[in-house]
Amino acid sequence: MTEHDSDSLIEYPCRFPIKIVCRALVGIEQTMVSLVRMHAPDLNDYDVRSRESNGGKYIGITVVVTAVNRVQLDAIYQMLSDHPDVIMAL
């Protein structure tokens, strides 16, 4: 069964990449994965990629979740955006 929000082009469920840019702190990748798993518990380790910036001050983390609805995605983005070490979530 799929869900389609009338104001969205996304059909759920779907694989959805979320890019997180944050300060490159010890353990930050695990922290971000834990936050995402609160709303997407089926997130697998192989769906997580990260890359440090050239200067090593920031890290880009991409997680690919199986999104079931817009409420779930909104909750993930809100939680990430509220974290003090997150610069942006796209």
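**Exercise 1. Find which residues of helix H2 are exposed, and work out where its buried residues lie.**

Let's start on the outside: Val71 and Asp82 are exposed on the other side of H2 from its buried residues. Keep in mind that this is a predicted model.

Next, look for the buried positions. Buried means under 20% relative accessible area, and in H2 this holds for Gln72, Leu73, Ile76 and Leu80. Now look down the axis of H2: the buried residues fall within an arc of 100 degrees, so they line one face of the helix.

Finally, ask what that face meets. The buried residues of H2 pack against strands S2 (11–12), S3 (14–23), S5 (58–67) and S6 (86–89), and against helix H1 (28–37).

**Exercise 2. Describe the length of H2 and how its N-terminal end is capped.**

Count along residues 70–82: H2 has 13 residues. Its first and last C-alpha atoms are 18 Å apart, close to the 18 Å expected at 1.5 Å a residue.

Then turn to the N-terminal end, where Asn69 acts as the cap. One of its side-chain oxygens lies 3.2 Å from the backbone nitrogen of Val71.

**Exercise 3. Work out the strand order of the sheet and place the helices on it.**

Begin with the order: the open sheet has 4 strands, S4-S5-S3-S6, paired antiparallel. Its edge strands are S4 (48–52) and S6, each pairing on one side only.

Move to the pair S3 and S5, which is joined by 10 bridges. Arg23 stands opposite Tyr58 in S5.

Now add the helices. H1 packs on the sheet, touching S3, S4, S5 and S6, and its direction makes about 25 degrees with that of S5. H2 also packs on the sheet, touching S3, S5 and S6, with its direction at about 5 degrees to that of S3.

Methods
Residues numbered from 1 in each chain as written. Predicted model: local features only at pLDDT ≥ 70, side-chain atom pairs only at ≥ 80, totals over all residues. Heavy atoms only, no water. Helix = DSSP H or I, 4+ residues; strand = E, 2+ residues; numbered from the N terminus. Expected span 1.5 Å × (residues − 1). Buried < 20%, exposed > 50% of the residue type's maximum accessible area, 1.4 Å probe, protein only. Arc of directions from axis to C-beta. Contact = heavy atoms within 4.5 Å. Polar contact = N/O pair within 3.5 Å; in protein donor to acceptor, adjacent residues only side chain to side chain. Pairing = 2+ DSSP bridges. Axes fitted to C-alpha atoms, helices over the stretch in contact; angles between N-to-C directions.
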